Amino acid sequence: MLLVKIKTALALGLVNLGRVFFYKLGVRLGINPVKKISATISGGNFFDELKLSEKIALPVNQQWNGKHTYFGWYQVTSDHPPAWHTNIFSGGKISDPYRPWWLIPDFDATVGDIKTLWEPSRLDWTIAFSQDALAGQPNAINKLNHWIADWVKENPPYNGPNWKCGQEASIRVMHLAMSALLLDQQAHSQKNLMELIHAHLQRISPTVSYAIAQNNNHGTSEAAALYIGGSWLMLNGDQRGASWHNKGKKLLENRARHLIASDGTFSQYSTNYHRLMLDTYSMVEVWRQKNNLPAFDQTLYQQLSKAANWIFQITQASTGDAPNLGANDGARLLPLTHTDYRDFRPAVQLAMTLFNKTSAWNNDGDWNLPLRWLDIPIPQTTALQKSALFDKGGICILRNEKAFVLLRYPRFRFRPSQNDALHLDLWTDGVNLLRDDGSYSYNTSAEILNYFGGAGSHNTIQFDNREPMPRLSRFLLGSWLKTRKVSSIANNQGSQSFTVSYRDSAGAVHQREIALQDNRLIITDHIHGFNERAVLRWRLAPGNWVHDGNTFKNGQHQLIITSDASDTNCRLTSGEESRYYLQKTQLPVAEITVLQSCQIRSEYYF
């Protein structure tokens, strides 16, 4: 295990490990500037009352209208500000929430998942209340000011859990900026609002090296906040913002080059974190355009064009849903629509418009609302969804008129978060038939963490009841897998096929061939090199499934399993999935166990 840890450390990069080490050491010893800053926020209104010549006749986001919505699904009926230091799910509260943030632990058993505290403190409700004001609701600005004032009172600068994370502070800056943009108050903002933004940038800047070391959305978010917040201060005559703005610009360009691969894959190998990153850059670009700031370098736009296409290609046009790949923390950064959290179309349409100058979809729908709220013209040209290979990130997509198939294989330039090698998703008409499990929560028991991140909760083969990449810590896996052989996408008489394989550190080999035909998907798995047993699992869509021998049926679809192993055991069992953060639901699982090297053929008829 020591050798595994050493190899993993080298894969993470010694420079990044050094950044993390010196950040933590600096905070502990008190030499990091973040422990020496102070700020005061004045009283009064943060946003001015509107003088509307006419109301904006667009639908508004209702997720904070008479209720609080957490992680896109959990609702609490209330019209009052949230309890900023309370886990709304469990009722657990931070003890002494007015301590300096560095004295508050990340993981507190009394509170539970700290993200439940951070969620309302992202201030996405400021966008909803700004929409309400523009739609002519008479008390909306008062409510907006009251909630912000309450947050400031209960979260004085640099004290309490909501100041712990630079990314959370950055998301607040972005949401406040988008609210100011909607209300057309960014160039003549109230003094106390600018004090609030300045306080946030003071918190973010000294620890941004730690965010960069993560090689994930922390770096893009914090760079965006510095860029937007710094220029916002400058728009209001505060030239202290210039250095932050310039620093943010350089980091945004650097992160786009470094974290987005040449095929558009983002470093976190996660559908929802890909959306978070794109929403971040979309807000940056909207802010830049609306405030007539200089353009970024061309590489940034080229990378984001590819990243927008990546998520467009996997988003289901009829429902807006997408495969639940990788970690899913419930983030939805620019909630300008009252659409479901799992509807990716508003974010995709905005990103495709900004970075590809084309529409993702040419018919009208809620996905166009962000463009209308932000007064961005809808492009006349439309992009095309098709079969594609995103080899830099290990994704193969097969499409025909009826079905969409996604196969995940190991291509890890950055740290993986799940044991999902050769996982397969199948969709028809926007419905997910063969499913990924999600990730549920970051602060949970080891058993639940291992389940949702493990091979046993993906549509793949698990060897000898172990993980191909052992878990080294809550957020780190070791022995990163490498693909051995990978084909191109082949087309032959109406069938599209693709083949890929890997060998893990214990010597087990898994080769998977997929063939998409008009009304069926054929998956052929060749396996060898394991010791005792191998288990293939197919995580089925919820429904009335019946198991009969080697066949699984639900009245509409059927899955037929054949194998050349001398003893193949098929059974119908159950598992769990998490499509929303902190939500678990049951689903049926077809489980096939073999005790020897063999070929397993799975035919799914739809």
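1. How many disulfides does the structure hold? The count is 0. The model is a predicted one, and the points below should be read with that in mind.

2. Cys598 shows why no bond is assigned there: the closest cysteine sulfur, in Cys570, lies 11 Å from the sulfur of Cys598, too far for a bond. A disulfide would need the two sulfur atoms within 2.5 Å.

3. Two cysteines can be described by their accessibility. Cys598 has 9% relative accessibility and so counts as buried. Cys396, at 0%, counts as buried as well. The cut-off for buried is under 20% relative accessible area.

4. An open sheet is built from 4 strands, with antiparallel pairing, in the order S8-S16-S21-S20. Strand S8 (461-463) and strand S20 (568-577) are its edge strands, each pairing on one side only. On average, neighbouring strands of this sheet are turned by 30 degrees against each other, direction ignored.

5. Within that sheet, strand S16 (residues 534-539) pairs with strand S21 (residues 585-594) over 6 bridges, in the antiparallel sense. One residue pair can be checked directly in the model: Ala534 has Val594 in S21 as its bridge partner.

6. The second largest pocket has a volume of about 370 Å³. Its lining consists of 16 residues, and those nearest the centre are Lys7, Ser479, Trp480, Leu481 and Lys482.

7. Which helix gives the largest share of the lining of the second largest pocket? Helix H1 (residues 2-12) does, with 5 residues. By residue class, the lining of this pocket divides into 7 nonpolar, 4 polar and 5 charged residues.

Conventions: Residues numbered from 1 in each chain as written. Predicted model: local features only at pLDDT ≥ 70, side-chain atom pairs only at ≥ 80, totals over all residues. Heavy atoms only, no water. 1 Å grid on protein atoms, 1.4 Å probe; cavity = no way out; pocket = protein on both sides within 12 Å on 5 of 7 lines; lining within 4 Å. Points joined across faces, edges and corners; volume = space filled by probe spheres on them. Helix = DSSP H or I, 4+ residues; strand = E, 2+ residues; numbered from the N terminus. Nonpolar A, V, L, I, M, F, W, Y, C, P; charged D, E, K, R; others polar. Pairing = 2+ DSSP bridges. Axes fitted to C-alpha atoms, helices over the stretch in contact; angles between N-to-C directions. Buried < 20%, exposed > 50% of the residue type's maximum accessible area, 1.4 Å probe, protein only.
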